[in-house]
Amino acid sequence: MKNTVVIGAQWGDEGKAKITDLLAQNADMIIRYQGGCNAGHTVVADGKTYKFHMIPSGILYDKTICFIGAGTVIHPESFEKELNELKAEGVNFKNLKISPLASITMPYHIEIDGYTESHAGKGKIGTTKKGIGPTYSDKYARIGLKIQDLYSYEALSEKLDMILPLKNKVLKNVYGLEEYTKECIISLCEKYAELFKPYVCFDWQDLLNRYKDRTILFEGAQGVMLDVDYGTYPFVTSSSPIGGGAAVGSGYGPYMINEVVGVSKAYVTRVGEGPFVSELTDETGEKIQKIGREFGVTTGRPRRCGWFDSVIMKYAVLVGGITKVALTKIDVFDTFDEIKICTAYKDCRNDRVYTSYPTDVFIHKYLEPIYETMPGWKTSLSSIRKYEDLPENAKKYIAKVEDLIGAPIGIISVGPDREQTIFIEST
Ligand code: GDP
Ligand code: IMO
Ligand code: MG
């Protein structure tokens, strides 16, 4: 297998974890390179369901190193909970390694995220309230804490003398939240140091050098349309889920990346606020939500559902650097008489037609989807394992999608289980 990045091509929850877990069979190391416990990743293997947030979905394989890279943000309490839940499922963490350069989500980040969301009125993003935005804001403002700070009292103490007076002013005067004493933060950090100790990889440079000629799988979280630069800003997350993000957050440069697999549902979902041109607010949307079990892994919120949108997918292929597509959840349409694909947007103010993605989200409220309708296949796909065995109408649907998005479809997923996958060999 080539070195591969797995990314979401829509607004997250495309089934990245299933694809990562599948490809992990042939990888020597998996690197999670951005995001935090806002991610909710589900793997179904041998009839068991595993839920991941921070821990790479490749951890189920004994031989694979799982590295949480510098571009991530880690909330210690959530990490501990995830670790304990997975340990109870019999998962083994001997291969888990964390970059000392990863950022820490502190309790005040979560409090600020919660406060901002509940006071933003119409400007609400609908975040996961996991402190992601405030942690990345502090990182870029150069007032964040990193895992390595936990292991040097002198560095931590000096940093806190700089950070805390400022942070406390903001907490008290801007948000009306409680201030933190230095003693309180130091005592928390001592706990965090113990928690992370078995996993922190201080010799990560040696590790990455040793694995340069091995097979690396880069695991993305969220999706291209939630990217802080290219997504539906400001209704985005605060990191870079595009393929290029792997070269920033992993510790390896772009030369290490041979393939970018963009995972896309056969329809579209979105959690939280923000524009969604092909959204269905009728019974068809409800039907997709029900059959696809579209409820968030992290927050339990119902996911908004809509028809496949080739305008955003074409955009995701470009800015995400996608070389191959994994089309998931196509089985959700098994009972549908017809299936629609959004091929363009029309601005209802002036009838202007967009076939390329309009990045100014302010105008999205004026956009209407233009659809092409395809006949359904009205039979179950869940036990099909070969492309040739798919019904003609399913093949036509796949060919249409491929034609519209400008990237080959290499993987088709017909169910949540590892086994329920069709690999298309020509790509
Ligand atoms: P991720 O965040 O991209 O890893 O995706 P999530 O795990 O949040 O959501 C995808 C959901 O769809 C999970 O419950 C998966 O088990 C499930 N899933 C993945 N692929 C398929 C598929 O092809 N068909 C069906 N029916 N479910 C799938
Ligand atoms: P996975 O990896 C779906 C969404 C939130 C919100 C926006 C910002 O499972 O695909 P944040 O908490 O990141 O500041 O929220 O991004 N969001 C996700 N939606 N899947 C995810 O992760 C998401 N992570 C964040 O719902 O709209
Ligand atoms: Mg998810």
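**Figure 1. Thr 42 and Ser 413 contact ligand 1 through their side chains.** In this predicted model, a polar side-chain atom of Thr 42 lies 2.8 Å from an oxygen atom of ligand 1. Ser 413 also uses its side chain: an N or O atom there is 2.5 Å from an oxygen atom of the ligand. Ala 17 contributes from the backbone instead, with an N or O atom 2.9 Å from a ligand oxygen. On its own, ligand 1 has 580 Å² of accessible area, and the protein covers 90% of it.

**Figure 2. The surroundings of ligand 1 comprise 17 residues.** Those that come nearest are Lys 16, Gly 40, Thr 42, Asp 331 and Ser 413. Thr 42 and Ser 413 are the side-chain partners shown in Figure 1. The site is a pocket, the second largest.

**Figure 3. Asp 13, Gly 126 and Arg 301 make polar contacts with ligand 2.** Two of these contacts come from the backbone. An N or O atom of the Asp 13 backbone lies 2.8 Å from an oxygen atom of ligand 2. For Gly 126, the backbone N or O atom is 3.4 Å from a ligand oxygen. Arg 301 reaches the ligand with its side chain, where a polar atom lies 3.0 Å from an oxygen atom of ligand 2. Ligand 2 taken alone exposes 550 Å², of which the protein buries 98%.

**Figure 4. Ligand 2 takes up the largest pocket.** Around ligand 2 stand 21 residues. The closest are Asp 13, Lys 16, His 41, Thr 128 and Thr 237. By class, this shell holds eight nonpolar, 10 polar and three charged residues. Lys 16 is listed among the closest residues here and among the nearest ones at ligand 1.

**Figure 5. Cys 184 is partly exposed and unpaired.** A disulfide is a covalent bond between the sulfur atoms of two cysteines. The closest cysteine sulfur to that of Cys 184 belongs to Cys 189, at 9.3 Å. The cut-off for a disulfide is 2.5 Å, so the Cys 184 sulfur is too far from its neighbour for a bond. Cys 184 has a relative accessible area of 31%.

**Figure 6. Cys 305 is buried and in no disulfide.** Its relative accessible area is 2%. The nearest cysteine sulfur, in Cys 342, is 16 Å away. Across the whole structure, the search finds zero disulfides.

How values were computed
Residues are numbered from 1 along each chain as its sequence is written. Chains are lettered from A and ligands numbered from 1 in the order in which they are written. This is a predicted model: local features need pLDDT of at least 70, side-chain atom pairs count only at pLDDT 80 or more; totals for chains, interfaces and linings use all residues. Side-chain values use heavy atoms; hydrogens and water are left out. A residue is near a molecule or strand if one of its heavy atoms lies within 4 Å of it. A polar contact is a pair of N or O atoms within 3.5 Å; within protein, one must be able to donate a hydrogen and the other to accept it, and residues adjacent in sequence count only if both atoms are side-chain atoms. Accessible areas come from the Shrake-Rupley method with a 1.4 Å probe; for residues, only the protein chains shown count as cover. On a 1 Å grid over the protein atoms alone, a cavity is a set of points where a 1.4 Å probe fits but cannot get out, and a pocket is an open set with protein on both sides within 12 Å along at least five of seven lines; lining residues have an atom within 4 Å of a point. A molecule sits in a cavity or pocket if more than half of its atoms lie within 2 Å of its grid points. Ala, Val, Leu, Ile, Met, Phe, Trp, Tyr, Cys and Pro count as nonpolar, Asp, Glu, Lys and Arg as charged, and the others, Gly among them, as polar. Buried means under 20% relative accessible area, exposed over 50%, partly exposed in between (1.4 Å probe, protein chains only).
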